[in-house]
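Subject: Structure handover

Hi there,

Here is the structure I promised to pass on to you. Please open it beside this email and follow along as you read.

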Amino acid sequence: MMQRLGRKGLLAAFSAMALLAAAAPSPSVAANERFVLISHAPDSDSWWNTIKNAIKQAGEDFDVSVDYRNPSNGDLADMARLVEQAAARNYNGVVVSIADFSVLKKPIEMVVAKNIPVITINSGTQQQSEQLGALMHVGQPEYDAGYGAGQKAKAAGIKSFLCVNHYATNPSSFERCRGFAEAIGADYKKSTLDTGIDPNAVESKVSAYLRNNPGTQAVLALGPDSAVPSLRALQKMGLKSKIWFATFDLSEEIANGIKDGSVQFAIDQQPYLQGYIPVAILALSRQLKTNDVAVLQDKLKGNAKFQARLTEYGLAPIYGPRHISSGPGYITRDNLDKVLKYAGQYR
């Protein structure tokens, strides 16, 4: 039989309960927050694994739940539907790549109209991000990245090149080619080849272009999906290490090319930052109840967990008045070992 408590016993019990409640840790402000990152990448694009790892770690560091969604075959109409679904599911924040402004404009505006904060990443421009009503854009300014690579090529005496574009369905991809072309004084339209993503098709088209344009001095690939088959084409044609070659992003084959000198450098947009920073900013925005970008950036810079990630992986974001650039950086023989330590995971 339960012992009956007198008045003093009841008061003591209530006091003890109050003390326990006061001592218990309060739940995280963001503990129940749900965010989603929607990319344009097909399932076959392993480059996005780094971003998936980044949103997982950001979720852990800021105690939020983050989903990853993408069109399995890369179809942008499917991506637009995923954005519409995000609006309907009332996420607390949406992170999305602007793969095609015209296709995604209406779905993203649907999200913004529901007062769901949006951060754009990766493809698209800062200006497009602002037009869509996004809080900020986290990515690599594509023209600047191409132009910077072109300046390095110009210093090496390059005056003509082939830009191998494996994802011409993304309009911003051409900015990489245009920047490079304008840096060396070439016509980017005549120098750009739409190859598609099939490796055999890329190899065949690159080989044909080089046979028809034997004076081509350099090749710029826009990522591993075009770089690897392009290098294979050069190898078969006896041109590997004879044609100046650079690419965006990194893979094992590209790293080997940097080691043996057949690849001058890889342009690094530090994709980890494109996953981690938006989740962190959205979480901070909810916790602090503010969309003031200056305040949010200051809090992010002062976050010990984020700074530890940056130090560990050798990453360096570029903070602007509103937007945060994740690149460009350049992977060369000098810093390759550091990058390779985390390649495919956090770099």
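Below is a short tour of what was found, beginning with the whole chain and then going from place to place.

**The whole chain**

Please keep in mind that this is a predicted model. The chain has 347 residues, and 51% of them count as buried. Its secondary structure comes to 15 helices and 13 strands. If you draw a box along the principal axes, the C-alpha atoms fill roughly 100 × 40 × 40 Å.

**The largest pocket**

A good place to start is the largest pocket, which holds about 940 Å³ of space. It is lined by 47 residues, and those closest to the pocket centre are Asp45, Trp47, His166, Pro224 and Asp225. Four helices each give two or more residues to this lining: H2 (49-62), H10 (224-236), H11 (252-260) and H15 (336-342). H10 gives the most, with four residues. Sorted by class, the pocket lining has 21 nonpolar residues, 17 polar ones and nine charged ones.

**The cavity**

There is also one cavity of 30 Å³ or more in the structure. About 50 Å³ of space lies inside this largest cavity. To find it on your screen, select Val36, Ile38, Arg69, Leu82, Gln85, Ala86, Arg89 and Tyr91, which line it. Strand E1 (34-38) and helix H3 (76-88) each supply at least two residues of that lining, and the largest share, three residues, comes from H3. By class, the cavity is lined by five nonpolar residues, one polar residue and two charged residues.

**Helix H12**

Next, have a look at helix H12, which covers residues 271-288. From its first C-alpha to its last, this helix of 18 residues reaches 26 Å, close to the 26 Å expected at 1.5 Å a residue. H12 is mostly covered, with 15 of its 18 residues buried. Just after H12 comes Lys289, which takes a positive phi of about 55 degrees.

**Aromatic rings**

How many aromatic pairs does a search of the whole structure find? The count is 14. Two of the stacked pairs are worth showing you.

One of them is formed by Tyr143 and Tyr147, with 5.9 Å centre to centre and 25 degrees between the planes. Both tyrosines lie in helix H6 (residues 142-155), four residues apart, about one turn of the helix. Tyr143 has a relative accessible area of 23% and is partly exposed. Tyr147 counts as partly exposed as well, at 31% relative accessibility.

Another stacked pair joins Tyr313 and Tyr346, at 4.5 Å centre to centre and with 10 degrees between the planes. Tyr313 lies in helix H14 (residues 304-313) and Tyr346 in the segment after H15, so this pair ties together parts that are 33 residues apart in sequence. Are these two rings buried or exposed? Since buried means under 20% relative accessible area, Tyr313 counts as buried at 5%, and Tyr346 is buried at 18%.

Tyr313 and Tyr346 also belong to an aromatic cluster, which they form with Phe62, Tyr272, Tyr276, Phe306 and Tyr342.

**Charges over rings**

Two lysines are placed over tyrosine rings. The charged end of Lys152 sits over the ring of Tyr330, 4.6 Å from the ring centre. The charged end of Lys301 sits over the ring of Tyr319, also 4.6 Å from the ring centre.

**One glycine in H6**

One last stop takes you back to helix H6, where Gly146 lies. Gly146 is buried, with a relative accessible area of 0%. Its C-alpha is separated by 9.8 Å from that of Thr247, although the two residues are 101 residues apart along the chain.

If you would like somewhere to begin, try the pocket centre by Asp45, Trp47, His166, Pro224 and Asp225, and then move on to the stacked rings of Tyr313 and Tyr346.

Happy exploring, and all the best!

How values were computed: Residues numbered from 1 in each chain as written. Predicted model: local features only at pLDDT ≥ 70, side-chain atom pairs only at ≥ 80, totals over all residues. Heavy atoms only, no water. 1 Å grid on protein atoms, 1.4 Å probe; cavity = no way out; pocket = protein on both sides within 12 Å on 5 of 7 lines; lining within 4 Å. Points joined across faces, edges and corners; volume = space filled by probe spheres on them. Nonpolar A, V, L, I, M, F, W, Y, C, P; charged D, E, K, R; others polar. Expected span 1.5 Å × (residues − 1). Buried < 20%, exposed > 50% of the residue type's maximum accessible area, 1.4 Å probe, protein only. Phe/Tyr/Trp six-rings, centres within 6.5 Å; stacked < 30°, edge-to-face > 60°. Lys NZ or Arg CZ within 6 Å of the ring centre and 35° of its normal.
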